[in-house]
Amino acid sequence: MLARTQSCCRNVRILSRQCSTSGSPRRSLSMEPTEPVRVRFAPSPTGMLHLGGLRTALFNYLLARKYGGSFILRIEDTDQKRLVPGATESIVRTLEWAGLQFDEGPGKGGPSASYLQSQRGDLYRTHANKLLEKGAAYRCFCDSKRLESLRAEATLHGRAPMYDRRCAHLSQQQIDNKLRAGEPHTIRLFAPNAADPAASDVSGFDDIVHGEMRFRGPAGFDDAVLLKSDGLPTYHLANVVDDHLMGITHVLRGEEWLMSTPKHRALFKAFGWPMPRYAHLPLLMNPDGSKLSKRNRDGPMQSYIDEGYLPSALVNYVALLGWHPGGQQEVYSLKELEDAFSLSGLSRSKSVVSRERLDWLNRQHLRTELNDPARAPAIAAQALVELRQTPELDTKDITREAVEQALRLCGDRLTLTRDLYGAVPYLFSDPDPEVPAVPAAAVNKVPRDSKASILVATLELLAAEAGALAGSSHTSSAGPERWMDFSKNVAVAAKVPAKQVMPVLRHALTGQPSGPKLPDLMDYLSLATMQRRVQTALDSLKQ
């Protein structure tokens, strides 16, 4: 028996999980939808979007795109006391940043009058009253003092706190008198007794991720509050009413809501509505085995955006946290994910968040997108913004086009675009003469006189190039082919072995022992920059 508890349903135990011997849930052949689906991402704006929230949104989005359905954004803002100003707008911006375009929702509209639960209060009150009329719910006038006394007594005797249904036995006259007196009250659901065979479709269901689930409590499920004394709905009522009215066919949400599912199914049954299919996604974990939370460094989505991860890489990474496509492919575009996604690929194993894997994926996507004419300019623009935040760098003459070329020169060695200056500072500024350069071993082997001859010959050949291209300040249009024979020509002019030229020339231009191919580097740097740096190296050699 697997015992698990949660504050919202503490008296409920999971009696069984029917799984195959491999540890994966038994997958029905009819698991994959055969008709268009309607799914929703329903965050609460009590904070900014976190990694687990993005994964939930992504899986819902992919299911809708795979089966030609609708992806709905619904904001569950009934908990007014915990709302964070700007959170809703931030959630929308983050989804747009990730490329997850919703079909219905705030700012976009749709068949529903509103997609903010705070604007749908009349609907919830109307439906709560329908349950009263059907005898599936009752008014509870117990005050907080009595409810706290019940909780304390249950705790004292080692029982799970449950309401004792005192108000369920009030006569209609007693209820009318209390209403006329203006006594505050809530509306509670008559929860079914889990031991009743008629409640089997409430206490048991087939979860797409976890397989067949069976729940049972010693006295049935607690009578959940549906409408609070201030007239606002609880999460459970608003969630179920909206899922029905919005035609939701599949509910993909976090595993933390698994224990609430019988309560939601009880509500669907009380209303006489068809129930959606459920898939409860496993938790995301830190490498140390603790639960990932929005307070962790790896939790908030904004931290990934601020650090400069590409949307495509982060979406690819999140998709693989709890979903296994099969095969060896690891790098996916969003379109490839839309085509490959399936419910059968969802795993019930908890996923560990790994920055190393994300970094690797970001390198793959960066390399691919730098070769995409539609994406490269935007990536370069982001890198230029990051360069302008470098205090020691004068960026007033650095263009987006130059940054794009720099990224192509060394993009395969970068994890994030913000690493550009740290990786290749010599593409944007001269090596600092006050900081000792790092010579390659090959440079140290070149005699001093040969170094001087190489540098003098280089200056002479660069001067000839400048004369040939009078008025040109940048050589990028000529292409690296122009410089393919430059080292050989320097060797001839300086009367030294060709193998001595390249390390000396690279060291003079960059101050580094390695970097991009020399023809590519010289194609990027202006003639004036190369002349200045070689002259500085020659002057330093003479000292």
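Contact here means heavy atoms within 4.5 Å, and helices (H or I, at least four residues) and strands (E, at least two) are DSSP runs, numbered from the N terminus. The structure is a predicted model, in which local features need pLDDT of at least 70 and side-chain atom pairs count only at pLDDT 80 or more, while totals for chains, interfaces and linings use all residues. Residues are numbered from 1 along each chain as its sequence is written, and side-chain values use heavy atoms, with hydrogens and water left out.

We can start with the overall picture. The chain contains 21 helices and 12 strands. Of its 543 residues, 49% are buried, where buried stands for under 20% relative accessible area, exposed for over 50%, and partly exposed for what lies in between (1.4 Å probe, protein chains only). Among contacts with a separation of 6 or more, 76% join residues 24 or more positions apart. The exposed area of the chain is about 25,700 Å², with carbon and sulfur atoms supplying 51% of it; accessible areas come from the Shrake-Rupley method with a 1.4 Å probe, and for residues only the protein chains shown count as cover.

The interior comes next. In soluble globular proteins, nonpolar side chains tend to be buried together. A nonpolar core is taken as a set of buried Ala, Val, Leu, Ile, Met, Phe, Trp, Tyr and Cys residues joined through side-chain atoms within 4.5 Å. The largest such core holds 52 residues, and Leu-51, Leu-95 and Leu-346 have the most contacts inside it. At least two residues each come from β2 (38–41), α1 (51–66), β3 (70–73), α2 (87–97), β10, α9 (301–307), α10 (311–319) and α12 (355–370). Helix α1 gives the largest share of this core, with nine residues. Apart from this core lies another, of 51 residues, including Ala-313, Ala-457, Ala-491 and Leu-509.

Leu-51 shows how such a residue is surrounded. Leaving out residues up to four places away in sequence, Leu-51 touches Leu-284, Leu-292, Asp-298, Gly-299, Met-301, Tyr-304, Leu-314, Tyr-317, Val-318, Leu-321 and Val-353.

Helix α2 is worth a look of its own. Its buried residues are Ala-87, Thr-88, Ser-90, Ile-91, Val-92, Thr-94 and Leu-95, and the elements that cover them include β2, α1, β3 and α9. Just after α2, Gly-99 adopts a positive phi of about 85 degrees. Farther along, the loop between α2 and α3 (121–134) carries Gln-117. This glutamine counts as buried, at 2% relative accessibility. Beyond its neighbours within four places in sequence, Gln-117 is in contact with Arg-74, Ile-75, Glu-76, Asp-77, Thr-78, Tyr-124, Ala-238, Asn-239 and Asp-242.

Charged pairs were then examined. A salt bridge is defined as a side-chain nitrogen of Lys or Arg within 4 Å of a carboxyl oxygen of Asp or Glu, and a search of the whole structure finds 29 of them. One is formed by Lys-269 and Asp-201, whose closest N and O atoms are 3.2 Å apart. This pair links distant parts of the chain, with Lys-269 in helix α8 (residues 261–271) and Asp-201 in helix α6 (residues 200–203), 68 residues apart. Lys-269 is partly exposed, at a relative accessible area of 37%, and Asp-201 is partly exposed at 31%.

Another salt bridge joins the side chains of Arg-277 and Asp-206 (3.9 Å, N to O). Arg-277 lies in strand β10 (residues 277–281) and Asp-206 in strand β6 (residues 204–207), so this pair ties together parts that are 71 residues apart in sequence. Arg-277 is partly exposed at 27% relative accessibility, as is Asp-206 at 36%.

A salt bridge within a helix is formed by Arg-408 and Glu-404 (2.8 Å, N to O). Both residues lie in helix α14 (residues 400–410), four residues apart, about one turn of the helix. Arg-408 is partly exposed at 43% relative accessibility, whereas Glu-404 is buried at 12%. Elsewhere, a network of salt bridges links Arg-40, Arg-74, Glu-76, Arg-120, Asp-242 and Asp-243.

Finally, the cysteines were checked. With a disulfide defined as a pair of cysteine sulfur atoms within 2.5 Å, the search of the whole structure finds zero disulfides. For Cys-140, the nearest cysteine sulfur belongs to Cys-167, 4.0 Å away. Cys-140 is buried at 2% relative accessibility, and Cys-410 is buried with a relative accessible area of 1%.
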